[in-house]
Structure formats: structure tokens, C-alpha cells
Amino acid sequence: MLSTALGRFRFIGILEGISFILLLAVAMPLKYGAGMDMAVSIAGMAHGVLFILYIMAIAHVTMTDSWKAPRITGAVLAAFIPFGPFYLDARLKKEAI
């Protein structure tokens with residue numbers, strides 16, 4: 001999976017999606033429900049780094065696999081929707097079969 005640009009993109013996308021869900025479903029409730037500000041600091045930093053890697057992976061797969069504007073836009077938008085990266089990964093996996 002990690003031997004191609006698309007495989008690396010899919011892997012980073014899954015990690016980015018997990019970090020986003022953890023930020024929304026675990027860290028934010030801990031911050032606002034239990035007053036644990038550190039939860040958002042840690043999860044937010046991890047998510048930020050993974051988001052940057054995700055965007056870089058989109059750029060890389062665009063260059064290697066000649067992605068067009070609609071697919072690039074969809075991949076970027078997927079990062080802003082909870083579970084979006086998982087949906088995108090399922091579609092990319094289905095296309096590869």
C-alpha cells in the first residue's frame with residue numbers, strides 16, 4: 001500500500017480522518033465537559049500535522065497520477081467533513097478493483 005503515491009495518500013487520509021474524529025469526539029468533549037484543555041492541544045497538533053501531510057499527499061498523487069481538478073477538490077473537501085476521508089478511501093479502493 002505504501003509503495004505508490006496513491007497508497008501513501010490513502011494511508012495518510014485514514015490517519016487524518018482518525019485524528020479528526022478523535023479531535024471532535026474525544027478531545028473537544030474533554031475540553032468543554034471536563035475542562036481538560038490539554039486534550040485539544042495534543043489532538044489538535046496531531047491533526048494539524050496530519051492535515052498538512054494529507055495536503056502534501058494530494059499534491060504528490062496529483063503529479064504522479066494526473067488527478068484533475070474535480071478529484072483534487074473532492075479530496076480537499078473530504079478532509080473537512082467528518083468521515084470524509086473514509087468515504088473517499090472507499091471510493092478510491094473501489095476504483096482500483
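The following exchange goes through the fold, charged pairs, cavity and backbone of a predicted model.

Visitor: On what basis are residues numbered and local features accepted here?

Guide: Residues are numbered from 1 along each chain as its sequence is written, and side-chain values use heavy atoms, with hydrogens and water left out. Because this is a predicted model, local features need pLDDT of at least 70 and side-chain atom pairs count only at pLDDT 80 or more, while totals for chains, interfaces and linings use all residues.

Visitor: What pattern of secondary structure does the protein chain follow along the sequence?

Guide: Helices (H or I, at least four residues) and strands (E, at least two) are taken as DSSP runs, numbered from the N terminus. On that basis the protein chain has four helices and zero strands, and its C-alpha trace spans about 45 × 25 × 20 Å along the principal axes. Read along the sequence, the pattern is α-α-α-α.

Visitor: What percentage of the contacts with a separation of 6 or more is between residues 24 or more positions apart?

Guide: A contact is counted when heavy atoms lie within 4.5 Å. Among contacts in the protein chain with a separation of 6 or more, the share from residues 24 or more positions apart is 64%.

Visitor: What percentage of the 97 residues in the protein chain is buried?

Guide: The classes rest on relative accessible area, with buried meaning under 20%, exposed over 50% and partly exposed in between (1.4 Å probe, protein chains only). Of the 97 residues in the protein chain, the buried part is 32%.

Visitor: Which residue pairs with R10 in a salt bridge?

Guide: Side chains of opposite charge can pair when their charged atoms come close. A salt bridge here is a side-chain nitrogen of Lys or Arg within 4 Å of a carboxyl oxygen of Asp or Glu, and a search of the whole structure finds two. For R10 the N to O distance is 2.5 Å, and the partner is D89. The pair links distant parts of the chain, 79 residues apart, with R10 in helix α1 and D89 in helix α4, and the two buried residues are R10 and D89.

Visitor: Which residue forms a salt bridge with R71?

Guide: R71 lies in helix α3 and its partner in helix α4, 24 residues along the chain, so that distant parts of the chain are linked. R71 is partly exposed at 31% relative accessibility, and the partner is also partly exposed, at 42%. The closest N and O atoms are 2.6 Å apart, and the partner is E95.

Visitor: Which side chain of opposite charge is nearest to the buried E16?

Guide: E16 lies in helix α1, which covers residues 5–34, and leaving aside its neighbours within four places in sequence, E16 is in contact with H47, L50, F51, Y54, A79 and P85. For charge, Lys and Arg count as positive and Asp and Glu as negative, whereas His and the chain ends are not counted. E16 has no salt bridge although buried, and the nearest side chain of opposite charge, 13 Å away, is R10.

Visitor: What is the volume of the largest cavity?

Guide: On a 1 Å grid over the protein atoms alone, a cavity is a set of points where a 1.4 Å probe fits but cannot get out, and lining residues have an atom within 4 Å of a point. Grid points are joined across faces, edges and corners, and a volume is the space filled by probe spheres set on the points. The count comes to one cavity of 30 Å³ or more, and the volume of the largest is about 40 Å³.

Visitor: Which residues line the largest cavity?

Guide: Helices α1 and α4 (84–96) each supply at least two residues of the lining. By class the lining has six nonpolar, one polar and two charged residues, where Ala, Val, Leu, Ile, Met, Phe, Trp, Tyr, Cys and Pro count as nonpolar, Asp, Glu, Lys and Arg as charged, and the others, Gly among them, as polar. The lining residues are F9, R10, G13, I14, Y54, P85, L88, D89 and L92.

Visitor: What is the phi of S66?

Guide: Most residues other than glycine have a negative phi. S66 lies in the loop between α2 (37–65) and α3 (69–78) and is partly exposed, with a relative accessible area of 47%. Although S66 is not a glycine, its phi is positive, at about 55 degrees.

Notes: On a 1 Å grid over the protein atoms alone, a cavity is a set of points where a 1.4 Å probe fits but cannot get out, and a pocket is an open set with protein on both sides within 12 Å along at least five of seven lines; lining residues have an atom within 4 Å of a point.
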